[in-house]
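Please open the structure in your viewer and keep the selection tool ready. The tour below proceeds stop by stop, stating what to select and what is found there.

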Amino acid sequence: MADPHGFLKHARQEPAKRPVDERLGDWDEVYAALDGGEREQQVRTQAARCMDCGVPFCHSSSAGCPLGNLIPEWNDLVRRGRWDEAGERLHATNNFPEFTGRLCPAPCEAGCVVALSPRAGGAVAIKRVEQTIADIGWERGSVVPVTATAPTGRSVAVVGSGPAGLAAAQQLTRAGHEVTVYERDDRLGGLLRYGIPEFKMEKKVLDRRLVQMRAEGTRFVTGCEVGVDLTVDELRSRHDAVVLAVGALRGRDAEVPGRELTGVHLAMEHLVQANRECEGDGPAVITAAGKHVVIIGGGDTGADCLGTAHRQGAASVLQLDQYPEPPGERDEARSPWPTWPLILRTYPAHDEGGERRYEVAVEEFVGDEDGHVRAVRLRRVQVGRDADGRRQVVPVGDEVEEFPCDLALFAIGFEGVERMPLLDGLGLTLSPRGSIGCGADWQTSQPGVFVCGDAHRGASLVVWAIAEGRSVAAAVDAHLTGGSQLPAPVHPTALPLAVV
């Protein structure tokens, strides 16, 4: 039983970050390393704040974790110092807790009962506990390959090696199927590899999990675009089922005067090159070094560009958001507990410098005589809805501000699955929102072809990608064998709890 007075005795404590000057000089993760004893004591204290609620909203799939992580259980095991057992309970529901512990924005904490009242000191630091359990498991050697008890003789192809594809592949391999993951890039990981900056998750964290998966029997083929390097007919002839985990990488663009100027890019064009440089592929062509950088978009991707620009040596960074500045605390009228709160989110990158501007939009990019962007003109705007409910961005006033700009990055989200020969070869069309549809069994309109992750849901959280990967694995297993003991934490129509 958890300590019922833990949240009264202990305050929420976030992990300490390295000094800004130090972390801007490298690409290592931003958080300070603690010696083992101090780290364990701090995290055990945080775990003791968990109340072991009768109704734990933290692992409710609608209000908290879609994986159904058994959070109160492993919190209590950590409180008592039983790290190996905590790791077992954590891995029972999550294939990659070292990913989610670093990258997930933690809807579990938004749904924590201790977060109900500010007087309770804030939610339990669930994400920190999760990451520490996972890291200690790796350090102690308790995370080992899990091999199938008996082969099924059936073969499955997984197209895409992001978190959804990896989760599906690991589950299906452990169920006894022969699984091959096809990745068009030269390295595995999808956005985990080339979209997430090194300072958020060092790639050695990804690589050690891939070593485990190979030891379990999962095969990986890189540099292979299905539909181009391998025909769809060849894919179908080799495998009894196919899982599409191709992501939703079609970046959202904007028609702004001057968009064609050199130096105006989508965010992923910048982030991918920076990550490739960290991998040793040579200097990035798109770099912020010595430049005045303007980032359009105030979300996670914008913050990733911000931190990357700082480390590349930007002269200045301006981050823009069309929406008003969110409140510092949850507004119960707009986003009541346990829904995901609309609040100002400050990432470690924001502590490193730069300026944030709200309720503004780019009216024009200004170029020099060589066709390179040199400035950006901004106008105040107001975001609303028209009579049909469509979003409208309306200029407010006539004042236009001009700022220097040598590099502009659009970080305004994704529009869905990229158009690719694979879809044509399978005879699949995209929905109006750019996703691949499926039935209740995760199967697309093509028999034996399944879909999961961002390709099905649209750009979403890493925790939803893993949940869908686990769920599609159960569906594929049942399709091939007539039944499945694999867990299926979410339904294809599942949505997080929200205020409409």
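**First stop: helix H17**

The model is a predicted one. Begin by selecting residues 462–481, which form helix H17. How far apart are the end C-alpha atoms of this helix? They are 29 Å apart, and this agrees with the 28 Å that 20 residues should span at 1.5 Å a residue. Next, display the surroundings of the helix. Of the 20 residues of H17, 17 are buried, so the helix is largely enclosed by the rest of the structure. Just after H17, select Gly482, which takes a positive phi of about 95°.

**Second stop: helix H9 against H17**

Keep H17 displayed and add residues 163–174, which make up helix H9. The axes of the two helices come within 7 Å and cross at roughly 35°. The crossing of H9 and H17 is right-handed. Which residues make the contact? On the H9 side they are Pro163, Ala164, Ala167, Ala168, Gln171 and Leu172. On the H17 side, the participants include Val462, Ala465, Ile466, Gly469 and Arg470, and further along Val472, Ala473, Val476 and Asp477. Sorted by class, this contact holds eleven nonpolar, two polar and two charged residues.

While H9 is selected, turn to Thr173, which has its place in this helix. Is Thr173 buried or exposed? Its relative accessibility is 5%, and Thr173 therefore counts as buried. Leaving aside residues up to four places away in sequence, Thr173 touches Ala148, Val179, Glu216, Gly217 and Thr218.

**Third stop: helix H11**

Two of those partners, Glu216 and Gly217, lead to the next selection. Choose residues 203–216, the 14 residues of helix H11. From its first C-alpha to its last, H11 reaches 20 Å, close to the 20 Å expected at 1.5 Å a residue. Which residues of H11 are buried? They are Lys203, Val205, Leu206, Arg209, Leu210, Gln212, Met213 and Glu216. Gly217 follows H11 and has a positive phi, near 120°.

**Fourth stop: the cysteines**

Select Cys104 and Cys108 together and examine their sulfur atoms. Why is there no bond between them? The sulfur of Cys104 is 6.2 Å from that of Cys108, its closest cysteine sulfur, which is too far for a bond; a disulfide requires the two sulfur atoms to be within 2.5 Å. Cys104 is also buried, with a relative accessible area of 7%. By this rule, the count of disulfides comes to zero. Cys224 is likewise in no disulfide, and the nearest cysteine sulfur, that of Cys452, is 18 Å away. With a relative accessible area of 11%, Cys224 is buried.

**Fifth stop: backbone details in three loops**

Now select Ala106, in the loop between helix H6 (97–103) and helix H7 (107–110). The phi of Ala106 is near 65°, a positive value in a residue other than glycine. At 5% relative accessibility, Ala106 counts as buried.

Move to Trp442, in the loop between helix H15 (421–426) and strand E15 (449–451). Although Trp442 is not a glycine, it has a positive phi of about 70°. Trp442 is buried, and its relative accessible area is 3%.

The third loop joins strand E8 (316–321) and strand E9 (355–358), and Pro338 lies there. What kind of peptide bond joins Trp337 and Pro338? The bond is cis, with omega about 5°.

**Sixth stop: Ser316 and Asp281**

Stay with strand E8 and select Ser316, which is found in that strand. Ser316 is partly exposed, with a relative accessible area of 29%. Residues up to four places away in sequence not being counted, Ser316 touches Lys291, His292 and Val293. Draw a distance from Ser316 to Asp386: their C-alpha atoms are 36 Å apart, and the two residues are separated by 70 residues in sequence.

Finally, select Asp281, in the loop between helix H13 (267–278) and strand E7 (292–296). Asp281 is partly exposed, at a relative accessible area of 38%. Its contacts, without residues up to four places away in sequence, are Asp186, Arg187, Tyr194 and Arg276. How far is Asp281 from Asp386 in space? The separation is 47 Å, C-alpha to C-alpha, while in sequence they are 105 residues apart.

Key:
Residues numbered from 1 in each chain as written. Predicted model: local features only at pLDDT ≥ 70, side-chain atom pairs only at ≥ 80, totals over all residues. Heavy atoms only, no water. Buried < 20%, exposed > 50% of the residue type's maximum accessible area, 1.4 Å probe, protein only. Helix = DSSP H or I, 4+ residues; strand = E, 2+ residues; numbered from the N terminus. Expected span 1.5 Å × (residues − 1). Axes fitted to C-alpha atoms, helices over the stretch in contact; angles between N-to-C directions. Left-handed = near helix turned anticlockwise from the far one by under 90°. Contact = heavy atoms within 4.5 Å. Nonpolar A, V, L, I, M, F, W, Y, C, P; charged D, E, K, R; others polar.
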